[in-house]
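Welcome, and thanks for opening the viewer. Keep your selection tool ready, and we will go from one stop to the next together.

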Amino acid sequence: MMQILQPPGWAKPKGYSNGIAVKGGTTVFIAGQIAFNSKNVIEEKTFAGQFRQTLKNILAVLAKPAASPSTSCA
């Protein structure tokens, strides 16, 4: 079973999913994260600003299945 990860308030992506969690397991796949805001608009003009927004997007997708970047499979 798979669960599509779509953070609340985000525009639905076209042609891909922001993330997919495998139900019953601990695997989360994240794709397509760039510097878009929740409305699919790039507001940041600098590399640092776009990188920061991309990391925020990754964290928002991970929050959906209650995961975090510190979660490990050890």
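Before the first click, one convention: helices and strands here are DSSP runs, a helix having at least four residues and a strand at least two, numbered from the N terminus. The model you are looking at is predicted.

**The whole chain**

Start with a cartoon view of everything. You should find one helix and three strands, arranged along the sequence as β-β-β-α. Now switch on the surface: the chain exposes about 5,300 Å², and carbon and sulfur atoms supply 61% of that area. Of the 74 residues, 22% count as buried. For contacts with a sequence separation of 6 or more, 31% come from residues 24 or more positions apart.

**The strands**

Select residues 2-5, which are strand E1, together with E2. These two pair in the antiparallel sense, over four bridges. To see one of the pairings, pick methionine 2 and look across to E2, where valine 22 is its bridge partner.

Next, add residues 28-30, strand E3. How many bridges join E2 and E3? There are three, and the pairing is again described as antiparallel. Here, click isoleucine 20 and you will find phenylalanine 29 of E3 standing opposite.

Stay with E2, residues 19-22, and show its side chains. Which residues lie on its covered face, and which on its uncovered one? Gly19 and Ala21 make up the covered face, while Ile20 and Val22 belong to the uncovered face.

**The loop between E1 and E2**

Move to proline 7, in the loop that links E1 to E2. Is proline 7 buried or exposed? Its relative accessible area is 5%, so proline 7 counts as buried, the cut-off being under 20%. Show what surrounds proline 7: leaving out neighbours within four places in sequence, its contacts are Asn18, Ala60 and Val61. For a long-range pair, draw a distance from proline 7 to leucine 59: their C-alpha atoms are 9.9 Å apart, with their positions 52 residues apart in sequence.

**The loop between E2 and E3**

Now jump to threonine 26, which sits in the loop between E2 and E3. With a relative accessibility of 64%, threonine 26 counts as exposed, because the cut-off for that class is over 50%. A distance line to proline 65 gives 9.7 Å between C-alpha atoms, for a pair 39 residues apart along the chain.

**The loop between E3 and H1**

Two residues are worth a click here. Asparagine 40 lies in this loop. Check its backbone: phi is positive, about 65 degrees, although asparagine 40 is not a glycine. Asparagine 40 is partly exposed, at 33% relative accessible area.

Then select glutamate 44, found in the loop between E3 and H1 as well. Glutamate 44 is partly exposed, with a relative accessible area of 32%. Not counting residues up to four places away in sequence, glutamate 44 touches Gly49 and Gln50.

**The helix**

Select residues 47-63 for helix H1. The helix has 17 residues and spans 24 Å from its first C-alpha to its last, close to the 24 Å expected at 1.5 Å a residue.

Colour the buried residues of H1 first: Gly49, Gln53, Thr54, Asn57, Val61 and Leu62. What do they pack against? Their partners are E1, E2 and E3. Val61 is also one of the residues you met in contact with proline 7.

Now pick Phe47, Phe51 and Leu55, which form a nonpolar patch on the surface with about 360 Å² of accessible area together. Pause on phenylalanine 51, which lies in H1. At 46% relative accessibility, phenylalanine 51 falls between the 20% and 50% cut-offs and therefore counts as partly exposed.

**After the helix**

Our last stop is alanine 67, in the segment that follows H1. Alanine 67 is partly exposed, with 23% relative accessible area. Draw one more line, from alanine 67 to alanine 21: the two C-alpha atoms are separated by 9.8 Å, for residues 46 apart along the chain. That brings you back to E2, where Ala21 is on the covered face.

Technical notes. Residues numbered from 1 in each chain as written. Predicted model: local features only at pLDDT ≥ 70, side-chain atom pairs only at ≥ 80, totals over all residues. Heavy atoms only, no water. Buried < 20%, exposed > 50% of the residue type's maximum accessible area, 1.4 Å probe, protein only. Contact = heavy atoms within 4.5 Å. Areas by Shrake-Rupley, 256 points an atom, 1.4 Å probe, with all protein chains shown as cover. Pairing = 2+ DSSP bridges. Patch = residues over 30% accessible without salt bridge, like charges linked within 9 Å, V, L, I, M, F, W, Y side chains within 5 Å. Salt bridge = Lys/Arg side-chain N within 4 Å of Asp/Glu carboxyl O. Expected span 1.5 Å × (residues − 1).
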